[in-house]
Amino acid sequence: MLSFIVLVAVVLVAATAWQDLQARDVALHNAQTAVSNLTSSVARQAEDAIHQADNVLIELAERVAEDGVTPANRERLSRLMRRHVQALEGLQGLFVYDEQGDWLATSFGERGDHPNNSDRNYFIYHRDHSDPGVHISPVVSSRTTGEAIIPISRRLEHADGSFAGVALATIPVSYFETFFHRLSLDGKGVIFLAMRDGTILVRRPASAPGQAQTLINGEIFSRYLPRSRQGTAMVTSVVDGVTRLYGYSESEQFPLVAAAGLSRESILADWKLDAYRDTLLVSAVILLLCLIGSVLYRQVRQAERAKTRLADAYLELESLAQSDSLTGLANRRRFDAALQVEFARALRNRTSLAVILFDIDLFKQYNDAYGHLGGDECLRQVAQIIQRFVRRPADVAARYGGEEFVVLLPDTDIAGALTVAEQIRYAVSEAGLAHRAAPLGRVTISGGVHAIDRAAATSALGLLETADAALYLAKQNGRNRVCQEADRPTASVVKLPTRG
């Protein structure tokens with residue numbers, strides 16, 4: 001009786017713990033997707049705004065170079081600037097300065113005090129550097145309107161290449177703040193746009209007085225960006241000390257970094273509540289079993305109920321035995337059973353059945369470079385990618401053994417199977433999983449595809465063997481590709497007998 005109670009308690013605790021860990025992984029994965037989407041939106045908005053400002057600056061620079069800055073031309077240039085500012089939502093103002101920093105033309109019209117901007121960061125930069133490209137400066141207070149702005153500027157040059165002044169476009173910080181407030185965040189979430197040197201341009205919520213105004217010492221800038229231009233990471237903010245899951249992205253065109261973070265507390269809040277409820281439930285069940293055990297000798301009916309519960313526990317363990325513990329995919333046993341069932345159905349109904357075999361390229365070298373724990377993490381991430389493309393209820397994705405995976409696709413012809421295989425191969429390659437021992441520097445997979453259809457078939461084992469041969473062909477042809485038996489010059493097809 002004691003052994004029975006202990007066994008059931010262990011099974012319940014183990015099953016509940018496994019389920020809760022899986023639910024935690026799902027919550028974190030969903031949060032990763034959310035912060036990645038938020039970051040992409042912020043990065044795209046920032047790049048679009050700077051692109052449109054830079055296009056206007058290029059046009060202004062060409063006008064100044066071609067027409068000069070005579071009084072008549074200045075007036076025409078000012079009118080052009082005003083039209084651009086009125087047409088483009090993200091622009092606050094446009095300006096042209098001479099080599100002394102005096103205003104030549106502006107979208108705000110003529111000013112009587114003729115201010116000089118030679119002390120501004122962007123003016124000093126262009127005066128001292130011959131770089132003709134666009135320059136983004138830290139936030140300053142506009143001398144025209146008093147609002148916080150982000151200066152976008154280009155160098156103007158004389159015909160001999162010497163410094164002739166600066167063309168400037170200003171984007172109000174409020175433009176990005178308005179956009180940020182349209183995005184959904186939890187109570188402790190954050191979105192920011194910063195320069196590559198860590199200087200904060202815009203942040204939601206805004207940094208409070210006394211908080212850090214640079215992120216250069218934060219983990220995203222010091223640890224993650226040097227290794228990858230984009231990704232997700234759980235880090236503690238150097239601004240407010242809150243631990244968040246961040247998605248970050250460094251622009252390829254501008255020295256900007258966009259990021260969005262959801263607090264770890266809010267991400268796991270629902271999971272913690274469910275885990276707490278599960279713990280209470282399991283505790284209650286175990287207590288109940290103890291009470292039942294104490295009177296089991298006197299009540300046969302209670303003993304029968306206990307046997308039923310034990311049988312249910314074994315059924316649950318059997319269900320767990322159908323899955324690969326490392327990747328969460330179906331295991332070999334479950335796949336073999338599904339293959340026999342679907343192959344028989346395909347022959348009976350004369351429908352299509354496809355199998356895709358995948359193998360991680362140079363996985364032994366990966367283990368040598370990153371260790372077996374790193375190899376296990378690589379297998380898990382590849383498995384997650386494969387699972388995303390196995391959507392139909394009858395489709396089965398399984399870990400076939402070692403670094404091999406297999407996908408079973410009922411009612412799918414060779415063309416459809418090749419499409420799915422190529423989508424998975426491309427997604428793994430684009431995931432950017434680092435593999436320093438691989439030629440491309442990232443993890444890739446090779447795939448072999450085979451299918452039976454209404455006119456051609458082989459045995460279930462033959463279907464797998466042909467897919468395996470196609471996988472071998474993909475390896476021979478350089479890896480990181482998908483092949484079918486038809487890619488082999490001497491490929492042949494075994495015909496199904498027609499029904500009489």
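1. Let's start at one end of the sheet. Strand 7 (residues 190–195) pairs with strand 8 in the antiparallel sense, with four bridges between them. To find the register by eye, look for I191, which sits opposite R204 in strand 8. Keep in mind that this is a predicted model.

2. Zooming out, that pair belongs to an open sheet of five strands, ordered 8-7-11-10-9, with antiparallel pairing. Strand 8 (200–204) and strand 9 (230–236) are the edges, each pairing on one side only. On average, neighbouring strands here are turned by 20° against each other, ignoring direction.

3. Which strands does helix 1 touch? Helix 1 (residues 2–67) packs on the sheet and touches strand 7, strand 9, strand 10 (243–250) and strand 11 (256–263). The direction of helix 1 makes about 150° with that of strand 11.

4. Helix 4 (residues 173–181) packs on the sheet too, touching strand 7 and strand 8. Its direction makes about 30° with that of strand 8. Strand 7 is thus touched by helix 1 and also by helix 4.

5. Now for the helix pair. Helix 1 packs against helix 2 (residues 71–87) at an angle of about 170°, and their axes are 11 Å apart. Angles over 145 degrees count as roughly antiparallel, so helix 1 is roughly antiparallel to helix 2.

6. If you want to inspect that contact, V56, E59, L60, R63, V64 and D67 are the helix 1 side, and they meet N73, L77, L80, M81 and H84 in helix 2. By class, the contact has six nonpolar, two polar and three charged residues.

How values were computed
Residues numbered from 1 in each chain as written. Predicted model: local features only at pLDDT ≥ 70, side-chain atom pairs only at ≥ 80, totals over all residues. Heavy atoms only, no water. Pairing = 2+ DSSP bridges. Helix = DSSP H or I, 4+ residues; strand = E, 2+ residues; numbered from the N terminus. Axes fitted to C-alpha atoms, helices over the stretch in contact; angles between N-to-C directions. Contact = heavy atoms within 4.5 Å. Parallel < 35°, antiparallel > 145°, perpendicular 65-115°, else oblique. Nonpolar A, V, L, I, M, F, W, Y, C, P; charged D, E, K, R; others polar.
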